[in-house]
Amino acid sequence: MTSRSRPPFGAARMTLGVCASALITACASTAPAEKAPATPPAQAAAPTPPPAPAAAPKPVYGSFGIDTPGMDTAVAPGDDFYRYVNGKWQDTTEIPADRPAYGMFSRLADGAAQQTRDLLEAAAKSDAAPGSEERKLGDFFASFMDEAGIEAKGITPLQPELQRISAIANRKELSTLLGTTLRADVDALNTGQTTTERLFGLWVAEDLNDPSRYAAYLLQGGLLLPDRDFYLKDTPRFKEVREKYQRHIAVQLKNAGIADADTKARAILALEKKIAQAHWSAQDTQDVAKVNNPWKQADFAKKAPGLDWAAWFAAAGLAQQGEFIVWQPSALTGISRLVGSEPLQTWKDYLAFHAIVRGTPVLPKAFVDAGFEFSGKTLSGAQQLRERWKRGVDLTNHAMGEAVGKRYVEKHFPPQAKAEADVMVRNILAALGRHIDALEWMSPETKARAKEKLGTVQVGIGHPDTWRDYAALEVIRGDAFGNAERAERFDYQRNLAKLGKPVDRKEWFMTPQEVNALNSPQQNSIIFPAAILQAPFFDPNADPAVNYGGIGSVIGHEIIHSFDDVGAQFDAKGKLANWWTAKDLERFKAAGKALAAQYDTYRPLPDMTVNGELTLGENIADVAGVSISHDAYMMSLGGQPAAVKDGFSGEQRFFLGFAQVWRNKFREPLLRRLLMTDGHSPGPYRTATVRNLDAWYQAFDVKPGQGLYLTPEQRVKVW
């Protein structure tokens, strides 16, 4: 499901999927094509409205955990299940003015943010000992909230970096400075964060070829627009975005007092376009069959000339690292060539602008407002800047997330929630085991390997067993810019320190206060942070059917990621290795191809469809995850019928619980962007995966001729 954090649900490949502050949406109603799998009717993408209320209305949950007033029972479940469960909520809910999207994930995220704010404000007011974790948290948050102090300093905190850039006199010095900017700000398989505005991104994780050791991965970077297509496509929409981006570059350069800003903005955009031409597509980037490219350090100068690699590695602190895995070799080669060929002054202007962008959150208001005007309004459609305390919570979470999480868990995560979630996980794992045993198309040999892998799945619920140590992080009250910069360097050094050390198989890649979930294919682990274990996903006091439909389907989704189109390429130890017979793999891929074709028919916008290949892993995880959670729920009944509640059977309540968590509304700019770059399908189409489950047809008496009806032969069965 992947946000997955920076912001949530970026293009999170293996996470639950709430990109850019809550992803998943609703789209324009389309009639099904005759004699083809029907496209489920969906809601139009929300147009850009005037500022909406600051807070969206909360659902009113009934006696069994479903917001029945939010349903539209005038719609037949078999025609549009998303609308049936969520229609009135969809009609009456306004996207808050400071958000590009709103749904169940963002509603819980708002609550977690307020709870975190309370913790941080208390820390800021406390008289904690200097150097203590509590003091650092309070000082970090208070420094960001001191807007007057930030205004008074102006661009003084940024000047040392701008001066270093200005002093660059040759290609070696350029390569050195580029090396100093490297950070561990990407994660291709856990959170799915595959983009960075720095020239390259470092990811330190288990070696694809030997998961008993860490590898240093290098990923493409250097762009500030969301994807290469924003630079390369010549449709009117993309041209308009590029024109606004060029103006934005000029505005920020002028804010920093840099001369000839308009001319430099044109050159910077032209350079980024050349970088984009070298970039891999989002679809190729998530193809693990293409990304396993080990290089020796000595190979870089020969394979990727242009950059002075010796200077770059030394400046990045990687001079002693002999081996790397290059995720997108042709991109790295192309970008390196540009370092050697493009005018030195253009690179200096590019670096100055990127330094401004990185510093914007902790620079004066003029920078923040300009950043929001482009990134918030143009790229995402938000109508107003988020309140300062919300941005402060985000920045503190990014800097000291587990220190915040430790306090969040102590105050807001009851032991009962962890115990009950653990039981559900075990039941759903057992259900998948039974599914594997019952697969008619899979050979005994492949079944044995699948069961072996299932038996090694690690489960993390609520919080990590061991908390991160922030003793080496220096936080100075009143130095918001320096605190943010030092936090980035601290995390980078923490990752560098892993190299050559034993692998920590219990490391978490999300914080407890995140509303998300995650699968790590190299650890073969699944993680469910504390903040997602709340209604409507999970309520210890709610109807088990709704819990299994909500958090149970999330659990099933994350388990299935170990067996989706990517996860199925990793063995029980987390090694990239084939464990399938040729015939079984062919059948598995055929099912995936059929599911991709089904999703290709869905059209969220008049001129854009879902990309079935890009979203395949998430769609496999959805359809199989719901299936195994449903079976686990039925097993939990012990052969006894579930009680009817408010006129709904147990199985109906299960499916209502599933559909309810995918309530979402999007502003069109964000929806358009996500359809291009994100691995998750919009919410109505995630809900529509029920059309592949026989149990859903029986539960709601779905008949031929209804909009979502598929013949038994058309229903895609995966696992």
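Two strands count as paired here if DSSP finds at least two bridges between them. That rule is handy for the strand views below, which, like the other views, show a predicted model.

**View 1. Strand 5 pairs with strand 3 and with strand 4.** Let us start with strand 5, which spans residues 323-326. Strand 3 (residues 214-220) runs parallel to strand 5, and 2 bridges join them. To find your way in this pairing, look for Tyr217, whose bridge partner in strand 5 is Ile325. Strand 4 (residues 294-296) is joined to strand 5 as well, by 3 bridges, but here the strands run antiparallel. A good landmark for this antiparallel pairing is Lys296, with Glu323 of strand 5 as its bridge partner.

**View 2. Helix 25 is mostly covered.** Next comes helix 25, made up of residues 668-677, where 8 of the 10 residues are buried. The buried residues are Leu670, Leu671, Arg672, Arg673, Leu674, Leu675, Met676 and Thr677. Which elements cover them? Among the helices that do so are helix 7 (229-232), helix 8 (236-255) and helix 10 (282-285). Strands take part too, including strand 1 (101-103) and strand 9 (664-666).

**View 3. Ser443 meets residues far along the chain.** Here we zoom in on Ser443, in the loop between helix 18 (415-438) and helix 19 (444-455). Leaving aside residues up to four places away in sequence, Ser443 touches Thr581 and Asp584. Asp584 lies 141 residues from Ser443 along the chain, yet 6.8 Å separates their C-alpha atoms.

**View 4. The close-ups in the setting of the whole chain.** Stepping back, you can place the elements above among the 27 helices and 9 strands of the protein chain. Along the principal axes, the C-alpha atoms fill a box of roughly 75 × 55 × 55 Å. How does the radius of gyration fit a compact globule? The chain has 25 Å, which agrees with a compact globule, because one of 719 residues would have a radius of gyration near 27 Å. Of the 719 residues, 61% are buried. The accessible surface of the chain comes to about 26300 Å², and carbon and sulfur atoms hold 53% of that surface. As for charge, the chain has 83 positive and 84 negative charges, and the mean positions of the two sets are 3 Å apart.

Terms used. Residues numbered from 1 in each chain as written. Predicted model: local features only at pLDDT ≥ 70, side-chain atom pairs only at ≥ 80, totals over all residues. Heavy atoms only, no water. Buried < 20%, exposed > 50% of the residue type's maximum accessible area, 1.4 Å probe, protein only. Helix = DSSP H or I, 4+ residues; strand = E, 2+ residues; numbered from the N terminus. Contact = heavy atoms within 4.5 Å. Rg over C-alpha atoms; globule rule 2.2 N^0.38 Å. Areas by Shrake-Rupley, 256 points an atom, 1.4 Å probe, with all protein chains shown as cover. Lys, Arg positive; Asp, Glu negative; His and termini not counted. Charge placed at Lys NZ, Arg CZ, Asp CG, Glu CD.
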